[in-house]
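Student: I have a structure here that is new to me. Can we go through it?
Tutor: Yes, here it is.

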2 protein chains.
Amino acid sequence: MILALAGGVGGAKLASGLARVLPPEALTLVVNTGDDFEHLGLHVSPDLDTVMYNLAGRHNRETGWGVAGETWHFMTALEQLGGDTWFKLGDRDLAVHVERTRRLRAGETLSAVTASLALRFCIAPRLAPMSDDVVRTIVHTDKGELEFQDYFVRRRCEPVVRRLEYRGAAQAAPSRVLREALADPRLRAVVICPSNPYLSVAPMLALPTVRASLGALDVPVIVVSPIIGGRALKGPAAKLMSELGHTPSALTVAEFYRDVMDTLVIDTEDESLVSVLADLGVSCQVTSTIMRNDADQEGLARQLLNRIGA
Amino acid sequence: MILALAGGVGGAKLASGLARVLPPEALTLVVNTGDDFEHLGLHVSPDLDTVMYNLAGRHNRETGWGVAGETWHFMTALEQLGGDTWFKLGDRDLAVHVERTRRLRAGETLSAVTASLALRFCIAPRLAPMSDDVVRTIVHTDKGELEFQDYFVRRRCEPVVRRLEYRGAAQAAPSRVLREALADPRLRAVVICPSNPYLSVAPMLALPTVRASLGALDVPVIVVSPIIGGRALKGPAAKLMSELGHTPSALTVAEFYRDVMDTLVIDTEDESLVSVLADLGVSCQVTSTIMRNDADQEGLARQLLNRIGA
């Protein structure tokens, strides 16, 4: 069994690849909820939705978020009423938020709601949030303390980040699926998908026992670098690294995951870093990590599985 | 100034007629909220919405509820997720419910939210709920105690009604707009629109002081009968009358409003009732009350205004 930890778009792509090359019972996907938030009275779980829509093949390939073929009648009507429109909620997407919110308010856990939605979307592997408790990534910036989506969507990551805080993480319990996967004797490897280390993966590592459990595993923990040639394919990972005082590079990724990682997967573009990484004691796998289409996703997934002999 | 009390479709039609023949400052519309309910975590005010959409010319003329040219992508997606779909929420309509709910949760009154929505829909006359407090019409039936929309929409008014209860009405305050209109020295008449007496108007009359205030007014209170030839044009008014032990007839309407009413407006089809009503001390106005189009709405509104010399 493979446990994959994923955040947004990059994570969802590799998760999709893994889901297509592994039998369903051999894959557990655990997703960041640090960027969940309440919007218009609805509980929105952007990373869970991105992973869910990708796995269901319902994702919008242009935007990276939301549902393909979406319509925006709700949003247009809301705008005419003077409502908040900075976070786009499509007509179909909205059904997920309304239904999830209703069930959370009725007392179901986010894990239970996620499993139920996954079933409705015909998603076969186990899909779970990192926690059923509230963890909120807070971005401390030159414009003050910002809620994550305020920073990420409304302000387009423009403020300069000084510090990240995973509020609630120290008091939150890892979800049962995450705890059980980490303790499962069938576990063959953990894959940390190419998601933003600070925004997508760090909230998971900040949960009690998770970072230590990953470090103590006797199966490989494989990190796919989201930084290629000093740039992030999507999102603010490289900008964030700079603002937090690091060089945007796979080397910084290696440093970030050092205590938990066995193998760093880097793109062929970064092949020149292999010897530097080796000097730092980091074992590398070099392959094409850019996932432009389904074949790329499956190809990368197969490379990782080959590495661990699965 | 005319105060019009309205419930659903019939009420909304006459309200629209009045709005088109009166200057905005000369009309105050107060709407039933006894059929408001929480659905999918949203506060839904069906009668306020029907009146609002009608006055804005945005109403769906086929269904009598909702917005013209509506789409149903949200509803279809919700159905695929296994959500509740017995109460239809269109993509555009949903924006009203989400925005209203958000603002109510933020502490605004229903009156304030209604006024703000009315402004956005370019509705000129004053539009207000009967109360900012929670009043819920409960239908006691042969199938047990039912919430109003459960009875009305989900069960299509099929259960046999034994008793109606306006839960919370005795403790609810009439809205400021309603109180001020009833006390306004400029008030020339009150029009009770052709809405269901038991379901749409009775909740308003059940609010403290409202029934007594109407009875004590020295300006005419004009009731437009929603029953024509023993039938209701729309909805369960006639069925309800029978189940509550009355003959479906304008005579029953007259009986229901006896203590508050000065004039009963009946349809030409019911002209034969004039003498019976006169024997009961009820003053009648006979005219065509069926409103098939805008011209009919305006025609009926003008008839009423002529009667009071406005």
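Student: Which share of the interface residues of chain A are also interface residues in chain B?
Tutor: 100% of them, so the copies meet through the same surface. Contact here means that the C-beta atoms of two residues, placed from the backbone, lie within 7 Å. The model is predicted: local features need pLDDT of at least 70, side-chain atom pairs count only at pLDDT 80 or more, and totals for chains, interfaces and linings use all residues. Residues are numbered from 1 along each chain as its sequence is written, while chains are lettered from A and ligands numbered from 1 in the order in which they are written.

Student: How many residues are in contact between the chains?
Tutor: 23 residues of chain A touch 23 residues of chain B. On the chain A side, α3 (73–80), α4 (91–105) and α5 (110–120) each supply at least two residues. Helices here are DSSP runs of H or I with at least four residues, numbered from the N terminus.

Student: Which one gives the most?
Tutor: α4(A), with 10 residues. The chain A side divides into 10 nonpolar, 7 polar and 6 charged residues. Ala, Val, Leu, Ile, Met, Phe, Trp, Tyr, Cys and Pro count as nonpolar, Asp, Glu, Lys and Arg as charged, and the others, Gly among them, as polar.

Student: What turn lays chain A on chain B?
Tutor: A turn of 180°, with a shift of 0.0 Å along the axis and an RMSD of 0.0 Å. The two copies are thus related as by a two-fold rotation axis. The superposition is by least squares on C-alpha atoms of residues with pLDDT of at least 70 in both copies.

Student: Which residue of chain A comes closest to that axis?
Tutor: A:D91, whose C-alpha is at 3.1 Å.

Student: New topic. Is α11 of chain A mostly covered or mostly open?
Tutor: Mostly covered: 6 of the 8 residues in α11(A) (250–257) are buried. Buried means that 20 or more other C-beta atoms lie within 10 Å of a residue's own, again placed from the backbone. The buried ones are A:A250, A:L251, A:T252, A:V253, A:A254 and A:Y257.

Student: And B:A4, what is that in contact with?
Tutor: Leaving aside neighbours within four places in sequence, B:A4 contacts B:A15, B:L18, B:L27, B:L29, B:V191 and B:C193.

Student: B:A15 and B:L18 fall in α1(B), residues 9–21. What does that helix pack on?
Tutor: α1(B) packs on α13(B), residues 294–307, at about 70° with the axes 8 Å apart. The axes are lines fitted to C-alpha atoms over the stretch in contact, and angles run from 0 to 180 degrees between N-to-C directions. That makes α1(B) roughly perpendicular to α13(B), a label for angles of 65 to 115 degrees.

Conventions: Parallel < 35°, antiparallel > 145°, perpendicular 65-115°, else oblique. Buried ≥ 20, exposed ≤ 12 C-beta atoms within 10 Å, placed from the backbone.
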